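Welcome! Take a moment to look over the sequence and the 3D view, and then let us walk through them together.

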Amino acid sequence: MKEKVVGQRYSRQREEILRVVRETESHPTADWVYEQVRKTLPHVSLGTVYRNLNLLADEGLVQRVILDDGVVRFDGNTHHHHHFICTKTGKIYDVALPLDREVLAQFNAQTGFKATHIKIEFYGEKE
Ligand SMILES: [Zn+2]
């Protein structure tokens with residue numbers, strides 16, 4: 001019986017963590033997710049949030065995003081997409097452009113590699 005209660009608590013935490021990541025387009029860090037989850041689950045620990053985010057990423061329910069600054073962020077958008085990073089504000093935007101086929105074909109033709117997918121980070125300023 002006790003195990004069941006513990007299991008329910010864990011899945012509630014996991015659901016809440018997933019909800020928070022899915023409801024934002026900000027590509028948040030674990031610390032940010034922790035601050036949000038604490039609003040509904042005040043007893044959650046930072047370690048629990050880290051662990052669950054990594055599990056969710058391993059299961060493909062969220063994506064890990066690591067950019068030039070080396071900070072690990074999480075993305076609730078699990079569809080294939082690229083990113084635009086505003087160098088002024090640091091804000092990360094999702095970019096869904098059909099670039100892949102052409103870029104892959106050129107890349108494979110010129111290098112002899114057999115790349116199957118790409119992720120592009122565009123840097124610059126948003127008007
Ligand atoms: Zn994204």
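We will start with the whole protein and then visit one residue.

Please keep in mind that this is a predicted model. The protein holds 4 helices and 5 strands. If you follow the chain from its start, these elements come in the order α-α-α-β-β-β-β-α-β. The radius of gyration is 18 Å, well over the 14 Å that the globule rule gives for 127 residues, so the protein is more spread out than a compact globule. Measured out along the principal axes, the C-alpha atoms fill a box of roughly 60 × 35 × 20 Å.

How much of the protein is buried? Of its 127 residues, 31% count as buried. The accessible surface comes to about 8900 Å², and carbon and sulfur atoms make up 54% of that area. Charges are part of the picture too: there are 18 positive and 18 negative ones, and their mean positions lie 7 Å apart. As for contacts with a separation of 6 or more, 44% of them join residues 24 or more positions apart.

Now let us turn to a single residue. Tyrosine 34 sits in helix α2, which covers residues 30–40. Is tyrosine 34 buried or exposed? Its relative accessibility is 16%, and buried means under 20%, so tyrosine 34 counts as buried. Which residues does tyrosine 34 touch, leaving aside those up to four places away in sequence? They are Val44, Ser45, Leu46 and Val49. With leucine 46, the C-alpha to C-alpha distance is 6.0 Å, although the two residues are 12 apart in sequence.

Notes
Residues numbered from 1 in each chain as written. Predicted model: local features only at pLDDT ≥ 70, side-chain atom pairs only at ≥ 80, totals over all residues. Heavy atoms only, no water. Helix = DSSP H or I, 4+ residues; strand = E, 2+ residues; numbered from the N terminus. Rg over C-alpha atoms; globule rule 2.2 N^0.38 Å. Buried < 20%, exposed > 50% of the residue type's maximum accessible area, 1.4 Å probe, protein only. Contact = heavy atoms within 4.5 Å. Areas by Shrake-Rupley, 256 points an atom, 1.4 Å probe, with all protein chains shown as cover. Lys, Arg positive; Asp, Glu negative; His and termini not counted. Charge placed at Lys NZ, Arg CZ, Asp CG, Glu CD.
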